[in-house]
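Me: Could you take a close look at one part of this structure for me? I'd like to hear about the helix packing and the nonpolar core that goes with it.

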Amino acid sequence: MTAHAGEDFVANLGSRLNLLRAGVLGANDGIVSVAGLVVGVAGATTDRTAIAVAGIAGLVAGAFSMAGGEYVSVSTQRDTERATLDKERWELDTMPEVELTELAGIYERKGISPDVAHEVARQLTAHDALGAHAEAELGIDPESLTSPWQAALASFVAFVLGASLPLVAILLPVSGWRVTSCVAAVVLALTLTGWISARLGGANVGRAVLRNVGLGLVSMLVTYWVGRLVGTQI
């Protein structure tokens, strides 16, 4: 039987979703952090250059920080998964019958009769012992471990794209409309990222969007008034 084009996508779905989640989180973080930064500076001064410098500095620093954090996190996860797979590989080499019984027991607990569970475990072990045991026992696919570099790049690009939106929104309008324009752009962007994250996680869309937008607005409100207070004292 030949494989159809969709099978490769299904096989790597978990890895793709992890990268997409990293991208959504990166974009969301970029939107909120840079929006809070530029709105705070705008509360202290109307100088476009000062706002631009602060926003660009926040964008660059935040993008590298986000990418670095994602790289370290995924690298640690990948190292742990590899160590766990090495242990499973050793157990399959040294105690194959025990592992076969363990795998059959997993299928029995899922409702399969003992004879069928044992036969399924035997055939899967004969076909790909490590793959079968890793998936059933550990929830790991040895062939599709998440790449730290891919996760870091996704976070970096997403943060830059997310952060660019409030930066552009506050720099383009005339002085009196900068904060209003930025807030409007951020609300729209956070609504979108909240909707995407809720859909990916199977959560309530309305609650996720409200939480996302609410936290963004609070962040901008606090930083704006901090900027106003500091700006009047310096």
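Reply: Here is a walk through the helix crossings and then the core. This is a predicted model, where local features need pLDDT of at least 70, side-chain atom pairs count only at pLDDT 80 or more, and totals for chains, interfaces and linings use all residues. Residues are numbered from 1 along each chain as its sequence is written, and side-chain values use heavy atoms, leaving out hydrogens and water.

Start with H3 (residues 48–94) and H6 (residues 148–171): their axes come within 8 Å and cross at roughly 160°. That makes H3 and H6 roughly antiparallel (angles over 145 degrees). By class, their contact (heavy atoms within 4.5 Å) has 21 nonpolar, six polar and three charged residues.

H3 also meets H5 (residues 114–138), with axes within 10 Å and a crossing of roughly 120°. On the H3 side, Thr84, Leu85, Glu88, Arg89 and Leu92 make the contact, among others from H5 such as His133 and Leu138. Six of the residues in this contact are nonpolar, two polar and three charged.

Now the largest nonpolar core, meaning buried residues (under 20% relative accessible area, 1.4 Å probe, protein chains only) of the Ala, Val, Leu, Ile, Met, Phe, Trp, Tyr and Cys kinds, joined through side-chain atoms within 4.5 Å. It has 25 residues, and those touching the most other members include Val38, Phe159 and Cys182. H2, H3, H6, H7 and H8 each supply at least two residues, with the largest share, seven, coming from H2. Cys182 itself touches Ala35, Val38, Val39, Pro166, Ala169 and Ile170, leaving aside residues up to four places away in sequence.

Technical notes. Axes are lines fitted to C-alpha atoms, for helices over the stretch in contact, and angles run from 0 to 180 degrees between N-to-C directions. Helices (H or I, at least four residues) and strands (E, at least two) are DSSP runs, numbered from the N terminus. Ala, Val, Leu, Ile, Met, Phe, Trp, Tyr, Cys and Pro count as nonpolar, Asp, Glu, Lys and Arg as charged, and the others, Gly among them, as polar. Angles under 35 degrees count as roughly parallel, over 145 as roughly antiparallel, 65 to 115 as roughly perpendicular and the rest as oblique. Buried means under 20% relative accessible area, exposed over 50%, partly exposed in between (1.4 Å probe, protein chains only).
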